[in-house]
Amino acid sequence: RTIPDVLAAAAIPTRPEAVNSRLVQQRLAFVNARYVADTVAHGRGLRLTDRPADLPRPSHEAVLHGMSRRAPLVKSPANPANTITRNNLRRHIDTIHMDGHGGFATAVNGAKYFVSFHSNHKYGFVWFTRDLSATSTLNGLKAACLEMGMPRELRMDRNQALVRNDPIVVTSFQQHCLDNGIAFKISPPRHQEHDGVAEKAGGRDLYEHATALLAFAGLPVVWWPYAIQHAVDAFNRIPRPSLGGQSPYYMHFDAAPDLSSMRTFGCPAWVHVDKASRGTTASFRSRVSRGLHLGMARDSPPGTYLVYKFATKRIVVTRDCHFDENFELVERTPTGWQYSASRLDRQPDLMGMPTATRNLGGAAKDIPTSSTDGTPAPDTAVLDDDAFKAHWDAAPTHSNSEYTQTFEPEESPDAVPPELSDA
């Protein structure tokens with residue numbers, strides 16, 4: 001044999017190399033799983049130890065930095081979620097069970113209380129407010145009637161701010177109910193168990209599951225309104241034996257709930273950055289911005305989400321985002337999330353921050369450091385309460401293509417209540 005033939009034979013291993021699909025995908029410039037399987041099947045020298053179809057999507061954060069795209073707009077007439085009406089004021093229902101809760105630690109949107117509304121079919125609605133005055137509660141009742149329908153009867157606990165014992169004094173809340181033909185059914189003082197629907201479905205269940213959501217994501221208590229809202233959206237879609245195996249959503253809208261747009265609360269999210277926002281040299285700039293998933297945008301079509309962007313410290317409403325629901329692309333630590341290092345993400349003009357450190361609250365001393373001089377380690381999202389509001393108003397100003405929702409939280413939040421302190 002000639003020398004080239006000998007060299008070629010020596011370069012081919014006698015046994016195929018056993019590799020996993022993730023490694024082959026990295027070698028092939030992060031192509032999709034189908035190309036990984038086809039390349040190994042039609043080549044030689046490699047043997048897969050797992051199924052490429054089991055690769056997570058995306059398999060690495062670098063795939064998002066380089067190949068993120070806008071979400072396609074798909075309108076399906078067969079999806080009832082696209083045709084369900086949200087204005088149900090002309091609809092009449094038997095009863096709404098109302099209960100007020102709080103005060104809690106001041107949230108990022110300034111909320112300290114919430115009012116829960118439930119129908120007899122257990123369909124839930126929550127209204128967040130800074131106080132439980134008659135005006136705030138009345139606004140919540142109007143929003144609940146718009147979502148659920150006009151009730152013939154309102155069950156609630158006795159509250160002097162809403163319904164006075166003196167029949168001569170009529171509050172604005174009472175006047176609204178009188179004008180719309182809503183009768184009161186008020187529980188006796190210190191006997192809230194008379195309205196079990198409001199106390200359990202609108203109280204204990206929400207506290208327990210919201211606390212679990214915060215603990216799973218490793219979030220501070222200032223995010224409790226979004227955890228409560230996510231729990232309500234989930235409960236509305238869960239079938240109940242008391243409803244004949246149907247969900248409250250089905251009983252309320254007469255349509256099966258759309259589950260395709262639900263995502264894990266509090267998981268890492270990456271918002272797509274369009275070409276115009278990436279600048280003139282957009283070809284090799286990252287196409288995503290890191291963030292935190294806070295739930296579905298209820299006033300928008302299915303597939304629209306609320307995402308807190310670390311770079312701008314703002315909550316945006318967007319459809320163009322990616323999620324890591326299993327926390328495979330970040331490492332959860334006692335102080336926050338640890339992202340994989342990326343030189344792209346360290347560019348000051350890429351994400352709007354001088355470093356890749358992502359703060360969800362937390363003093364600089366709490367940020368994991370890579371040196372003894374207190375320099376923050378890159379690619380770290382700190383999840384802590386203390387300095388969140390101090391950094392909230394210090395965010396840079398950006399012109400984003402997404403709708404931006406800003407808040408002005410109070411400077412002195414209340415103490416964390418015992419029922420949420422563990423989260």
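What pLDDT does the chain average, and what percentage of the residues score at least 70? In this predicted model, the average comes out at 75, and 71% of the residues score at least 70. Two stretches fall well short of that. Over residues 345-378 the pLDDT is below 50, although the model still gives this stretch 92 contacts beyond near neighbours in sequence. Residues 387-423 also stay under 50, with 79 contacts beyond four places in sequence. Where pLDDT is low, the predicted coordinates should not be read in detail.

As for the overall build, the chain holds 13 helices and 17 strands. It has 423 residues, and 46% of them count as buried. Among contacts with a separation of 6 or more, 64% link residues that sit 24 or more positions apart. The exposed surface adds up to about 21600 Å², with carbon and sulfur atoms supplying 52% of it.

Next comes the nonpolar interior. The largest nonpolar core counts 47 residues, and Leu206, Trp223, Trp224, Tyr226, Leu292 and Leu294 are the ones with the most contacts inside it. Quite a few elements chip in: helix H7 (196-217), H8 and the strands S8 (268-272), S9, S10 (305-309), S11 (314-318), S12 (321-323) and S14 (336-339) each supply at least two residues. H8 gives the most, with seven residues. A second core of 26 residues lies apart from this one, and its members include Met98, Ala143, Met150 and Phe253.

Helix H8 itself takes in residues 224-236, 13 in number. From first C-alpha to last it reaches 19 Å, close to the 18 Å expected at 1.5 Å a residue. It is mostly covered, with 12 of its 13 residues buried. The buried set includes the aromatic residues Trp224, Tyr226 and Phe235, along with polar ones such as Gln229, His230, Asp233 and Asn236. Alanine 234 also belongs to H8, but at a relative accessible area of 21% it is partly exposed, because buried would require a value under 20%. The C-alpha of alanine 234 is 9.3 Å from that of leucine 259, a residue 25 places away in sequence.

Strand S8 tells a similar story of cover. Five of its five residues are buried, so the rest of the structure largely encloses it. In a regular strand the side chains alternate between the two faces of the sheet. Here, Pro268, Trp270 and His272 point one way, while Ala269 and Val271 point the other, and all are buried. S8 has strand partners in S9 and S12. It runs antiparallel to S9, joined by five bridges, and valine 271 stands opposite serine 289 there. It also runs antiparallel to S12, this time with three bridges, and alanine 269 has phenylalanine 323 as its bridge partner.

Histidine 293 sits in the partner strand S9, which covers residues 288-296. Its relative accessible area is 0%, so it counts as buried. Leaving out residues up to four places away in sequence, histidine 293 touches Arg263, Thr264, Phe265, Gly266, Cys267, Ala269, Tyr305, Leu306 and Phe323. Two of these contacts, Ala269 and Phe323, are the bridge partners that link S8 and S12.

Valine 330, in strand S13 (residues 330-333), brings the account back to S8. With 8% relative accessibility, valine 330 counts as buried. It is 62 residues from proline 268 along the chain, yet their C-alpha atoms are separated by 7.8 Å. Proline 268 is also one of its contacts beyond four places in sequence, the others being Asp324, Trp337, Gln338 and Tyr339.

Strand pairing also turns up earlier in the chain, around S3 (residues 92-102). S3 pairs with S6 (residues 150-157) in the parallel sense over five bridges, and threonine 95 stands opposite glutamate 153 in that pairing. With S4 (residues 113-119), S3 pairs in the antiparallel sense over seven bridges. There, glycine 102 stands opposite tyrosine 113.

Methods. Residues numbered from 1 in each chain as written. Predicted model: local features only at pLDDT ≥ 70, side-chain atom pairs only at ≥ 80, totals over all residues. Heavy atoms only, no water. Helix = DSSP H or I, 4+ residues; strand = E, 2+ residues; numbered from the N terminus. Buried < 20%, exposed > 50% of the residue type's maximum accessible area, 1.4 Å probe, protein only. Contact = heavy atoms within 4.5 Å. Expected span 1.5 Å × (residues − 1). pLDDT = per-residue confidence, 0-100. Core = buried A, V, L, I, M, F, W, Y, C linked by side-chain atoms within 4.5 Å. Pairing = 2+ DSSP bridges. Areas by Shrake-Rupley, 256 points an atom, 1.4 Å probe, with all protein chains shown as cover.
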